[in-house]
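Work through the exercises below with the model open beside you. Try each task before you read its solution.

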Amino acid sequence: MSGYRRNLKLWASSHIMVVNGLRAAWIIVVLWCEVYTFDHVLHDCQWPDIHQPDAPNARIARVLVIADPQIVDYRSYPMRNPVLKALGQFIIDLNLRRSWHSTINRVRPHAVVFLGDLMDNGRATMSNSEYDAYVARFYDIFKLKDLSMPTFFLPGNHDLGLGEDVSFSPEAGMRYTSHFGPWNHKTTIGNHTILFIDAVALVEEDTIRADRGYSYDNWPAIAGGSVEFLQQYAAREHTSPVVLFTHIPLARPLDADCGPLRERGTIRQGHGLGYQNTLSNEASQFLLRLLGPSLIFSYISSGDDHDYCDYSHSLPFSSASGSTTVREITVKSFSMAMGIRRPGFQLLSLISTVPAMETLTQLPNSPPSLLDTPCFLPDQLGIYLNIYLPFILFSVLGLLAFNVHRTLRGNKQAQRQADVALRPIHNSCRTSNDELYRRSSGQSVTEDTDDDDSMLPLPVTKPAGPAHSKQLRGRSSSSSNSWTFYLLGRRRYTSLILPCSIANRGMHEVGLLRGFFSDVVEVAWPPLLVFCIAAWRAMHVWE
C-alpha cells in the first residue's frame, strides 16, 4: 500500500503541474494576443515626416485616414443563427475598439478622416431610433479622448445606398447628413485644400448622364450634386495644393499594378447591387481634367476596395506644378471583417512653410509637400486560426492523453492490488462481515482443506469493538461482495474482489471522461476570465 500511496502522490503532483502549466501558458497567450499585440504591431508605425530636416518656420499637419470601418449589425450575416450573429458582432466590435485605441494612442493625429462605409447597413430601412442606436455604436467604438480634434466624414455606398433597391431606405441620405455632415464639402488643413467628394452621388449622376447621351462638357449638372460642386470649385482660382478624398477609386487599366503591399489581385471595374468597384472612365477623366490645371501638388485617397493600392494616373495635360501624373492611394479597410488579413490605415503629413503660426493656412507662396505611409494592424483571423486553434487542439489532446495514461495506470495498479488481495498470506482486502461476526462471537475461522485435523482456530487477540470493526471495514471492499455458504458439509467462503483503493478514492478512481472534462474546465476558466477583463477594459476605456 505504501507504494500505491506514493504513486497517488506522484500522480497528484503531475496533475497539478499539467493543469497549472497550461493555465499559465493560456493566460500569457491571451494577454499577448488580446492586449499587447496591437501596441507591438504598431510600434514601427511612424509619421512619414519624422525624417524631414527641422525647419523653424515649417508647420506639419498630421492626418489619420480611416477607410471602411463598416461596423456590422444583425443584417450583415443573414444566414447565421442569432447566437452566431451576436458573437460575430461582439468579436468585430471588440477588434475595432482595440485597433482604434492602439492607433489613436500611438499616432496622436491633428485630424481624422473617415473615407465612407461607416456602417455596414446604414442604408437599410429601419426606424429612427434604431438608426440613432447604430450611429451611437459607431461613435462609441471610435471614441476620441480629445473631443476638439477635427473629424471629417465621407459617405460610402453602405451609408447612402447606390442605385435603387427595396432594402435601401429613402431616408438614408437625410439621416447621414444629420449625424455625419454634408456629402460634398471642402476644408483647409496645413495650407492644403481638402476636397471631400460624394462618389456615390457622382456614380448615380454619371449613369443618368450616360443614359441620356450627354458628355460632361454639355451636361446640365444636377443641383446640389457632386458634378456641380466640382464645377463650382474649379471655376474659382486656387493656389493651394489639393488633396481629393473619394470613397470609390478612379478607373484604371485592367492589368494595373497596385504595388507590393496589396494582399491579392488588383482593382477591376465592375458593379452589382449597391456597389461599383471604380468610377467610370468618363467620370475619372472628368475629375482629373477639371482639377488638374490648378494643382500644384495632387493626391487622391480612396476607399471601398478594402485592400491597399498605390497607383499613378496620367493627367490629360500637365498640372500647374508641371507634373503629368497624380498618385492615388486606396486605403486598407480598418475592419477585420472585410476579407483582408491585415487591416490598416494611412498616415498623411501635410507640410508647409510659414513665417508665423497664425498664418498657417493663409500663405499661398509656401512650397508645400505631402508625405504618406500605410500602417497595418494585427492579423486577427490569423491569431484565431494560427495561435488559438492549434493551442486549443494541443491543450485538449494533452489533457486527454494525460487522463488516458492516468486511467490505464490506475487500472494496472488496481489489478495488482487485487492480485495481492487474493493471496492468503497478504489478506488485507479479504476480510468479510462474516469473519467479523465470527471474531466478535469468539468463533474460529477455518479454511477448506483436505485434512480436517489440520484445521486450527485462528487466534483472537482483540474483540471486535466499534473501532476495530471500523478499521476492518476500511480494509474490506463491501459486505455485498462477500458470501459464506455450505457445500458438501463444509463451510465455504467466496468474495468479489475489488481494488483496495476504492476506500481511498483519489484521482485514479475518477473516470476518464469525467477527469478529462474537469481538467478542461480547470484550465479554461482563468484565461477566459483574463479575456473578459481585457474585453471589458477595451469597451470602457476613456469613460
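## Exercise 1: A phenylalanine in helix 1

Phe 38 is buried: its relative accessible area is 1%. Bear in mind that this is a predicted model.

**Task.** Explain why Phe 38 counts as buried, and find which residues it touches.

**Solution.**
- Step 1. Locate the residue. Phe 38 lies in helix 1, which covers residues 2-41.
- Step 2. Apply the cut-off. Buried means under 20% relative accessible area. Phe 38 has 1%, so it is buried.
- Step 3. List the contacts, leaving out residues up to four places away in sequence. Phe 38 touches Cys 33, Asn 95, Arg 98, Ser 99, Ser 102, Pro 378 and Gln 380.
- Step 4. Check a distance. Phe 38 and Trp 100 are 62 residues apart along the chain, yet 9.7 Å separates their C-alpha atoms.

## Exercise 2: Salt bridges

**Task.** State how many salt bridges the structure holds. Then examine the pair Arg 98 and Glu 34: are these residues buried or exposed?

**Solution.**
- Step 1. Recall the principle. Side chains of opposite charge can pair when their charged atoms come close.
- Step 2. Give the total. There are 16 salt bridges in the structure.
- Step 3. Take the pair. Arg 98 and Glu 34 join through their side chains, with 2.2 Å from N to O. This pair links distant parts of the chain: Arg 98 sits in helix 2 and Glu 34 in helix 1, 64 residues apart.
- Step 4. Judge the exposure. Arg 98 has 7% relative accessibility, so it counts as buried. Glu 34 has 2% and counts as buried too.

**Task.** Now do the same for the salt bridge of Asp 217 and Arg 289.

**Solution.**
- Step 1. Read the distance. The closest N and O atoms of Asp 217 and Arg 289 are 3.9 Å apart.
- Step 2. Place the partners. Asp 217 is in the loop between helix 6 (199-212) and helix 7 (226-234), while Arg 289 is in helix 8 (residues 281-291). They are 72 residues apart.
- Step 3. Judge the exposure. Asp 217, at 69% relative accessibility, counts as exposed. Arg 289, at 33%, counts as partly exposed.

## Exercise 3: The two sides of a helix

**Task.** Test whether the length of helix 3 agrees with its residue count. Then find where its buried residues lie.

**Solution.**
- Step 1. Work out the span. Helix 3 (residues 128-141) has 14 residues; at 1.5 Å a residue it should span 20 Å.
- Step 2. Compare. The end C-alpha atoms of helix 3 are 20 Å apart, which agrees.
- Step 3. Name the buried residues of helix 3. They are Tyr 131, Tyr 134, Val 135, Arg 137, Phe 138 and Ile 141.
- Step 4. Look down the axis. These residues cover an arc of only 150°, so they are on the same side of helix 3.
- Step 5. Find their neighbours. They pack against helix 2 (82-107), strand 2 (111-114), strand 3 (151-153) and helix 5 (172-180).

## Exercise 4: A nonpolar patch

**Task.** Which elements give two or more residues to the nonpolar surface patch?

**Solution.**
- Step 1. Size the patch. It has an area of about 960 Å², and its residues include Leu 381, Val 404, Leu 512 and Phe 517.
- Step 2. Name the elements. They are helix 9 (380-421) and helix 12 (512-539).
- Step 3. Find the largest share. Helix 9 gives eight residues.
- Step 4. Check one member. Val 404 belongs to helix 9. Its relative accessible area is 32%, so Val 404 is partly exposed.

Key
Residues numbered from 1 in each chain as written. Predicted model: local features only at pLDDT ≥ 70, side-chain atom pairs only at ≥ 80, totals over all residues. Heavy atoms only, no water. Helix = DSSP H or I, 4+ residues; strand = E, 2+ residues; numbered from the N terminus. Expected span 1.5 Å × (residues − 1). Buried < 20%, exposed > 50% of the residue type's maximum accessible area, 1.4 Å probe, protein only. Arc of directions from axis to C-beta. Contact = heavy atoms within 4.5 Å. Patch = residues over 30% accessible without salt bridge, like charges linked within 9 Å, V, L, I, M, F, W, Y side chains within 5 Å. Areas by Shrake-Rupley, 256 points an atom, 1.4 Å probe, with all protein chains shown as cover. Salt bridge = Lys/Arg side-chain N within 4 Å of Asp/Glu carboxyl O.
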